[in-house]
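Colleague: I would like to learn how to read a few local features of a model like this one. Could you take me through them in turn?

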Amino acid sequence: MIEKNISEVEIAIIGTGFSGMGMAIRLQQSGRSNFLILEKASDVGGCWRDNTYPGCCCDIPSHLYSFSFEQSAEWSRKYPPQQEIYHYLQRCAEKHNLIPKIRFGSEVVETRYCDDRKRWLLTLQSGDQILANFVIAGKGPLHIPNLPQVPGLESFKGRVFHSSQWDHSYDLDGKRVAVIGTGASAIQFIPKIAETVKQLHVLQRSPGWMLPRPDREIGAWQKRLFKRFPSVLNLYRKALFWTHEMRVHVFKEGNRLHDRTMNMAEQYMRSSVDDPDIQEKLLPDFSLGCKRLLISNDYYPTFNRSNVELIASGIDRVEGNKVIASDGSEREVDAIIFGTGFEAADPLAPDTLFGPKGVDLFDRWNQEGAQAYKGVSVAGIPNFFFLVGPNSGLGHNSMILMIEAQIQYILDCFDHLESQGISQWDVQRHAQDSYNREIQGDVTESIWSSGCRSWYINKMGRNTTVWPGFVYEYQRQMEKLDVTAYANGE
């Protein structure tokens, strides 16, 4: 229903992380200026603005985890810390004069297709509304915290928070702390807080495979070289790209590289942890790659500390100030920190995205699992594009590469629409189904479907998250716009 305080725009972009920011920059560079970026927070940055937990950093090298069209010679380390990535995105927004295009404090609570106007109506938390011909969702899959429903948690008298909503006002010094979860975020903050807390109880539902992080400072001479000779920086970036592409082979069972890497990971763990009993608790019972492969230099040694306890059990319930593990053991604590990741496999909330005739996309995805054509277009949702949509996530290389391929694909769509005078653009269901049958066939035969429980898999057991191949294969398929896949493209 259209109410008051309505603004009109050609293209509405949701989010100012890498996806939304990159889309806006490339739109501007293509000569398109009639767009508006909606951001729920008061600054740009997406997950790199929000995740400020101790030790937060990226597990992809800096020079690869950045835009190809906005490379930097100033990264301080091979693997960038959170604050540096955050500042990089701020600089991108300022350099490309995007701030006037951003409406901060504007959380989109509902996006609804108006059948009579054939336009999208976006309703903000404030009640204001925006009419747009096209919507590009750049919210990313890692923004809805996964908070398990723990019986009795409401009775807890201490402090409770999720790693992505870190409570910096709470002093952990001298406190007894329970950490729930041992995923990619938890392995970064656990070693940091272990240095200050009185006692740390780590509740591990299942361990993950881990390798050391080959991090280092980037010397002044290397920065000067990259700054003076951008071609050298480009070559270095390409070398990083192909090095990471080869990691696809690590995620294939029966492959010699996979077996060798798994042996290396086990030896790394055993050489880092003193207690044989703890070693056994840290040894996964699934193949390397089924869950996200972790990298850290200080996580394993943390369990050699006298104030750190590994509980090889998930949380069962909370009773007062006691955390009760699934094995029945109890620990009295002052704070509970959830390191349980995000709702990546089911990234859409109910009652937020309504297509023609009021169809709620959440309901459809809740029945079928999230799916899209090339991770970008969804049948029955016209003039709407996803960035980092279903099955376009990665486990081996930089997501920025996938994002840029999707951005260029969307620009190609706009070029075609403008050249042909087409106003509505909707992928056909048969094209989407055919594409997803192929994707799911590849995923089903992959390491991610080998039996472990991971955030790649939704509640129906379907992998709706990961692209099951090389990045260059995805880039190649995105270079060609098959207009016959769209209802208005024939």
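Modeller: Let us begin with burial, keeping in mind that this is a predicted model. A residue counts as buried when its relative accessible area is under 20%, and Ser313, with a relative accessible area of 8%, is therefore buried.

Colleague: Where does Ser313 lie, and which residues does Ser313 touch, not counting residues up to four places away in sequence?

Modeller: Ser313 sits in the loop that runs between strand S12 (308-311) and strand S13 (315-319). Leaving aside residues up to four places away in sequence, Ser313 touches Leu203, Gln204 and Arg205, and also Ala325, Ser326 and Asp327.

Colleague: How many disulfides does the structure hold?

Modeller: A disulfide needs a pair of cysteine sulfur atoms within 2.5 Å, and the structure holds zero disulfides. Cys92, for example, is in no disulfide, and the nearest cysteine sulfur, which belongs to Cys47, is 14 Å away.

Colleague: Is Cys92 buried or exposed, and what about Cys114?

Modeller: Cys92 is buried, with a relative accessible area of 2%, and Cys114 is buried as well, at 9%.

Colleague: Turning to the surface, which residues make the nonpolar patch of about 310 Å²?

Modeller: That nonpolar surface patch is made by Trp221, Leu225 and Phe229. Phe229 lies in the loop between helix H5 (220-228) and helix H6 (230-245). Partly exposed covers the range between under 20% and over 50% relative accessible area, so Phe229, with a value of 38%, is partly exposed.

Conventions: Residues are numbered from 1 along each chain as its sequence is written. This is a predicted model: local features need pLDDT of at least 70, side-chain atom pairs count only at pLDDT 80 or more; totals for chains, interfaces and linings use all residues. Side-chain values use heavy atoms; hydrogens and water are left out. Buried means under 20% relative accessible area, exposed over 50%, partly exposed in between (1.4 Å probe, protein chains only). Helices (H or I, at least four residues) and strands (E, at least two) are DSSP runs, numbered from the N terminus. Contact means heavy atoms within 4.5 Å. Patches are made of residues with over 30% relative accessible area and no salt bridge: like charges are joined within 9 Å, nonpolar side chains (Val, Leu, Ile, Met, Phe, Trp, Tyr) within 5 Å. Accessible areas come from the Shrake-Rupley method with a 1.4 Å probe; for residues, only the protein chains shown count as cover. A salt bridge is a side-chain nitrogen of Lys or Arg within 4 Å of a carboxyl oxygen of Asp or Glu.
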